[in-house]
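Q: Please take a close look at the paired side chains, from the aromatic rings to the opposite charges. I would like to know where each partner sits and how much cover it has.

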Amino acid sequence: MDIRKFCILGLVLAALTVPAFAGTEYLYGSPDMSAAISGTNEFVPGTEVPVTVIISNSGVNPVMVTDPNKITPQDPPNLAKLVNAGLSAGDAPVEIRSDAQQIGDIQGGVSKPVTFLVKFNKDAPAGTYGIPLTLKYQYVDWTDQDGSTLLRTGYRDKTVTLPLTVTVRSNVNLEVDEVSTDHINVGTEGYLTLKLRNAGFEHAQKAVAKLARDGASPLIPTDGSVYIGDFNPGDVVECTFKVSASNDAEAQSYPIDVMVQYEKSNGEKETSDTEIVGVPVGGKIDFTIVSSAATVHPGQKATIDVTYKNVGSATAYNAQARISAVDPFTSNDDTAYLGDLEPGQTAVAHYSVSVDKEATVKQYGLDSEIRYRDALDNSQISDTMKMTVSVVKPDPLAGALTNPIVIAVIIAVLIGAGYYIYRRRTSE
C-alpha cells in the first residue's frame with residue numbers, strides 16, 4: 001500500500017475514534033509571577049519620573065487530560081485573574097505618587113506593563129534601594145463537575161510581594177542659600193549675587209554655575225556663567241551674575257533659573273537639577289516735567305526754562321535733556337546737561353528757541369526726553385515727555401517800552417520836565 005494512502009487512512013480512523021467535543025481537565029498548575037523595571041533603573045535625586053514595570057506570568061499547566069465526558073474549565077489554573085499591582089517606597093528615599101492599579105487578567109506566558117509616578121527625594125543619598133511591588137490576584141484552586149453540564153470552580157486569593165531595585169545616582173544637589181541684588185531696576189542692567197550650596201553627595205569638578213531665563217520672565221541674563229571649579233558636598237560658593245530687566249516689567253519679584261554644570265569623579269559630564277530663584281526688581285528710572293508752561297511771542301527769540309524731576313526708583317547718571325523743536329519753533333541750542341539725578345531730585349534745563357513771526361497764537365506741545373547712564377554705565381533713554389509752550393500776543397505797552405525811539409522820546413520828555421521844574425524853583 002502506498003505510504004501516503006496509509007497515513008490518510010490512519011487520520012480518518014483517529015478522527016472517528018476521538019469525540020468531536022472532548023473536554024480538557026487540568027490536573028494541576030498555578031500562576032508564577034515575576035516583575036522587572038523596564039529600561040534603566042538608575043535615577044537622579046530630585047526628579048519625578050514614570051517608572052514602568054513589566055509583570056510576567058510564567059506559570060504553566062504541565063498535565064492535561066482530554067476526556068469526552070469532561071467540561072473544559074473557563075479558566076486554566078495558571079491564569080492570574082483580576083491582577084492588582086501596587087508599588088511602595090520600601091527603604092528607598094522616594095515618594096510613590098501613583099495608587100495601586102487594576103491591570104486585569106494575565107495568562108501564562110504573557111506580560112503586561114504598568115506605570116507608576118515616582119518622586120526621588122532631592123537629598124537622596126547615592127545607592128541601591130528596594131521598592132517592593134505587591135500583586136493581588138485570584139487563581140483556580142479546584143474544579144468539580146456535576147453531571148455532564150455543571151462545572152463548579154473555586155478560586156483562591158493570593159498576595160505576592162516581588163522585589164524591585166532602583167539605583168540613585170550620585171549628583172550635585174543644588175540649593176540657593178541667599179539672594180541679593182544691586183541696581184536691578186526696570187529697564188536697566190544690574191548684579192544678581194547667589195550663594196549656592198552643594199547639598200548632595202557628588203564631588204563635582206570643573207563646576208560652572210549658569211543662569212537661564214525662566215519662560216517669558218522679563219529677567220534676562222547678560223553675563224550668566226560663573227566658574228566655580230571644585231564643588232564638593234557641603235561647599236557654599238558666592239556667584240555674581242549680570243542680569244537685565246526689560247522695560248515692560250513691573251516693580252516686583254520675577255523668576256530666574258540657576259543650575260550647575262560639572263564633571264563627575266568618573267569623568268562623566270552632568271548638570272544639576274534646576275533651581276528657580278525669585279529676584280526682586282526695583283521700579284524704573286522715570287522723569288516728569290514739573291515746571292509750568294513757558295510763554296513766548298511770535299517773531300521773538302526766547303529762553304525756555306524747564307524743570308525735570310526724577311520720579312523713578314534709582315539714580316540717573318550724567319543725564320542730558322533735549323527737546324525736539326518743530327514748526328513754528330527753531331533752536332540751535334536744544335540740549336541741556338542735568339548731571340546726576342537721584343530719586344526725587346530736580347534739575348533745570350535752559351533752551352534757546354526762536355518763534356516764527358507767523359506763529360498761531362495757541363499752546364504747543366514739544367517732545368522732550370532725557371538720555372542718561374544707569375549704575376552699570378549703560379546708555380538709557382527715558383520715555384518721551386510733552387513740554388507745553390504757549391504762544392501769546394505781545395503786550396502793546398510792553399512792546400512800546402522796548403522800542404528805541406519811544407524810549408528816546410520818553411527820556412527827552414523827562415529831561416525837559418525836570419529842567420522846567422528846576423527853573424521854576426530857582427525863579428521863586
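A: Paired side chains

The count comes to three aromatic pairs (rings of Phe, Tyr and Trp, the last by its six-membered ring, with centres within 6.5 Å), and this is a predicted model, in which local features need pLDDT of at least 70, side-chain atom pairs count only at pLDDT 80 or more, and totals for chains, interfaces and linings use all residues. One of these pairs is Phe43 with Phe120: the ring centres are 4.8 Å apart and the planes meet at 20 degrees, so the pair is stacked (planes under 30 degrees apart; over 60 is edge-to-face and the rest are tilted). Phe43 belongs to strand β3 (residues 42-43) and Phe120 to strand β9 (residues 110-120), so parts 77 residues apart in sequence are tied together here. Strands, like helices, are DSSP runs numbered from the N terminus (E, at least two residues, for strands; H or I, at least four, for helices). Phe43 and Phe120 are both buried, on a scale where buried means under 20% relative accessible area, exposed over 50% and partly exposed in between (1.4 Å probe, protein chains only).

Another pair is Phe329 with Tyr364, whose ring centres lie 5.3 Å apart with planes at 90 degrees, so this one is edge-to-face. Phe329 in strand β27 and Tyr364 in strand β30 are 35 residues apart, and their pairing links distant parts of the chain. Again, both Phe329 and Tyr364 are buried. A neighbour in sequence is worth a glance: Asp327 and Pro328 are joined by a cis peptide bond, with omega about 15 degrees. Pro328 itself is in the loop between β26 (316-324) and β27 (329-333). For orientation, residues are numbered from 1 along each chain as its sequence is written, and side-chain values use heavy atoms, leaving out hydrogens and water.

Now to the charges. The whole structure holds 17 salt bridges, each being a side-chain nitrogen of Lys or Arg within 4 Å of a carboxyl oxygen of Asp or Glu. Among them is the one between Arg169 and Glu270, at 3.1 Å from N to O. Arg169 lies in the loop between β13 (165-168) and β14 (174-182), while Glu270 is in strand β21 (residues 269-271), so the bridge ties together parts that are 101 residues apart in sequence. Arg169 is partly exposed at 21% relative accessible area, whereas Glu270 is buried at 17%.

Asp177 and Arg197 also form a salt bridge, with the closest N and O atoms 3.1 Å apart. Asp177 in strand β14 and Arg197 in strand β15 (residues 189-198) are 20 residues apart, and the pair links distant parts of the chain. Both ends are partly exposed: Asp177 has a relative accessible area of 41%, and Arg197 has 27%.

Back in the strands around the second aromatic pair, Arg322 and Glu369 meet in a salt bridge of 3.4 Å, N to O. Arg322 sits in strand β26 and Glu369 in strand β30, so the pair connects parts 47 residues apart in sequence. Arg322 is partly exposed, at 33% relative accessible area, but Glu369 counts as buried at 18%. Finally, Glu48, Glu95 and Arg97 are joined into one network by salt bridges that share partners.
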